[in-house]
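Student: Could you take me through one part of this structure closely, starting with its aromatic rings? I would like the cut-offs spelled out as you go.

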Amino acid sequence: MPRPDSLSLREARRIAIAAQGFPNTPPEADPVEARHARRLIGRLGLVQIDSVNVLVRSHYLPLFSRLGPYEAALLDRLAYGGKRRSLFEYWGHEASLIPVEQQPLFRWRMARAERGEGIYGELARFAAERRPYIDSVLAEVAARGPLGASELSEAGRGAGGWWGWSDGKRAVEFLFWAGLVTTAGRRGFERLYDLPERVLPSAVLDTPTSEEAEAQRALLRIAARAHGVATERDLRDYHRLEVADARLRIAELVEAGDLLPVTVEGWERTAYVTPDLRIPRKTPARALLSPFDSLIWERQRTERLFGARIRLEIYTPAHKREHGYYVLPFLMDERIAARVDLKSDRKASALLVQAAHTEPHASHGTVAPPLAAELRRLAGWLGLERVTMTGGGDLAPALAAELRLTGADAPLTPDGRAAAGSRTSPPSG
């Protein structure tokens with residue numbers, strides 16, 4: 001079948017959704033296992049970490065969105081389960097969980113960071129001015145690790161501004177960026193730092209370091225597979241590559257035939273696909289998406305694909321918020337159909353829906369039943385006994401009625417059914 005030189009917007013959406021591991025399927029009798037999670041994260045390339053815990057920490061959600069209810073400790077074991085771990089933490093797309101076999105592809109970034117390049121300006125200045133202190137922190141981690149920044153013998157006080165980081169925190173974060181330490185585990189959400197040779201599998205550490213240009217090409221190939229169809233901006237944003245680096249590498253990949261240019265209906269810029277492109281006939285997905293989900297984290301791309309202008313409103317004053325504080329878009333079939341502002345009220349064992357809005361193309365009657373089912377499933381997975389509508393929005397009345405109709409105030413199992421029973425343990429991180 002010949003490869004198309006142009007794609008309709010609908011085809012582009014289908015390609016993008018499928019590339020990101022959708023459509024997800026209803027939970028089966030067999031539980032989600034480590035192999036399923038490894039395969040999915042390998043497909044995505046990375047999962048972004050975020051500290052906000054009003055619902056559940058963001059990195060637990062992409063697996064739930066795609067695989068359904070799973071034991072959250074499974075992801076913890078993959079990320080922090082000793083030298084057999086499958087994931088490691090580093091700066092991919094922001095702080096991320098990344099397959100360990102990709103660690104050599106980031107060594108060029110680590111080398112640049114050690115030279116003070118590609119990192120926060122204040123951190124670079126701190127590293128230049130306080131290198132003897134940073135070296136002493138590295139020696140202490142080597143002698144005593146794994147350590148949290150607060151456990152350093154000379155941690156220093158918070159400096160105010162700049163996230164209130166202490167000198168010790170600045171030192172270990174510089175060392176982390178430079179690849180001289182890595183995350184051995186977490187205490188709550190606090191990073192515990194240790195030497196890479198005590199954390200990462202020896203096979204990974206023994207892998208030769210890729211030449212910088214080849215590593216960047218490899219990262220762009222990962223981004224291209226994870227996107228399905230993407231512009232230059234989309235591709236470089238996936239791993240936050242510099243503009244000049246990405247532009248050169250994309251041109252090289254096109255010349256080699258690893259990326260193929262296409263036009264997409266309504267897109268002003270050229271897009272790229274891989275030579276093995278397949279256009280799905282349908283993508284019947286049903287999923288609540290983390291605000292930091294890789295399907296939607298590049299906001300311009302999300303607007304181009306779905307016609308949805310998504311903004312993170314956590315730092316917006318409450319009276320200026322349009323959709324709410326911690327808002328999850330609802331993916332239904334091939335479109336973003338609604339958005340819900342969610343909160344876990346663990347004391348009351350309730351998933352609170354603080355606002356619910358439909359997108360302009362969607363109808364309340366069409367969206368409310370599948371959204372209510374997905375909310376019940378989410379609540380069951382989180383170990384919460386009910387879904388409670390507490391706020392407004394144009395979808396709120398229809399969604400509240402659907403939740404009442406389906407018994408969402410009854411105890412829920414991990415798959416969201418209104419029945420008593422044992423629950424999957426909720427994410428603890």
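Tutor: Happily; here is a walk from the aromatic pairs to the nonpolar cores, a helix and a serine.

The model is a predicted one, in which local features need pLDDT of at least 70 and side-chain atom pairs count only at pLDDT 80 or more, while totals for chains, interfaces and linings use all residues. Residues are numbered from 1 along each chain as its sequence is written, and side-chain values use heavy atoms, with hydrogens and water left out.

A pair of aromatic rings is described by the distance of the centres and the angle of the planes. Rings of Phe, Tyr and Trp (its six-membered ring) pair if their centres lie within 6.5 Å; planes under 30 degrees apart are stacked, over 60 edge-to-face, and the rest tilted. That rule gives ten aromatic pairs. One of them joins Trp 91 and Tyr 120, edge-to-face with 6.5 Å between centres and 85° between planes. Trp 91 belongs to strand 3 (residues 87–92), whereas Tyr 120 is in the loop between helix 5 (107–114) and helix 6 (121–129), so the pair links distant parts of the chain, 29 residues apart. Helices (H or I, at least four residues) and strands (E, at least two) are DSSP runs, numbered from the N terminus.

Tyr 120 also pairs with Trp 177: the centres are 5.2 Å apart and the planes are at 90°, so this pair is edge-to-face. Because Trp 177 lies in helix 8 (residues 167–177), the pair ties together parts 57 residues apart in sequence. For accessibility, buried means under 20% relative accessible area, exposed over 50%, and partly exposed in between (1.4 Å probe, protein chains only). Trp 91, at 14%, is buried, and Trp 177 is buried at 7%, whereas Tyr 120, at 31%, is partly exposed.

Elsewhere, ring pairs link Phe 88, Tyr 90, Phe 106 and Phe 176 into a cluster. The charged end of Arg 191 sits over the ring of Phe 176, 4.0 Å from its centre; here NZ of Lys or CZ of Arg must be within 6 Å of the ring centre and within 35 degrees of the ring normal. Lys 169 lies over the face of Trp 165 in turn, at 5.7 Å from the ring centre.

Now to the nonpolar cores, which are sets of buried Ala, Val, Leu, Ile, Met, Phe, Trp, Tyr and Cys residues joined through side-chain atoms within 4.5 Å. The largest has 110 residues, and those with the most contacts inside it include Val 340, Leu 371 and Leu 375. Not counting residues up to four places away in sequence, Val 340 touches Leu 371, Leu 375 and Leu 399, among others, where contact means heavy atoms within 4.5 Å. Apart from that core lies another of 25 residues, among them Ala 285 and Leu 289.

Helix 14 (residues 364–381) has 18 residues and should span 26 Å, which agrees with the 25 Å between its end C-alpha atoms; the expected span is 1.5 Å times one less than the number of residues. Of its 18 residues, 13 are buried, so helix 14 is largely enclosed by the rest of the structure. Just after helix 14, Gly 383 takes a positive phi of about 80°.

Finally, Ser 58 is in the loop between strand 2 (47–48) and helix 3 (61–67), and is buried at 1% relative accessibility. Beyond its sequence neighbours up to four places away, Ser 58 touches residues including Gln 48, Asp 50 and Tyr 326.
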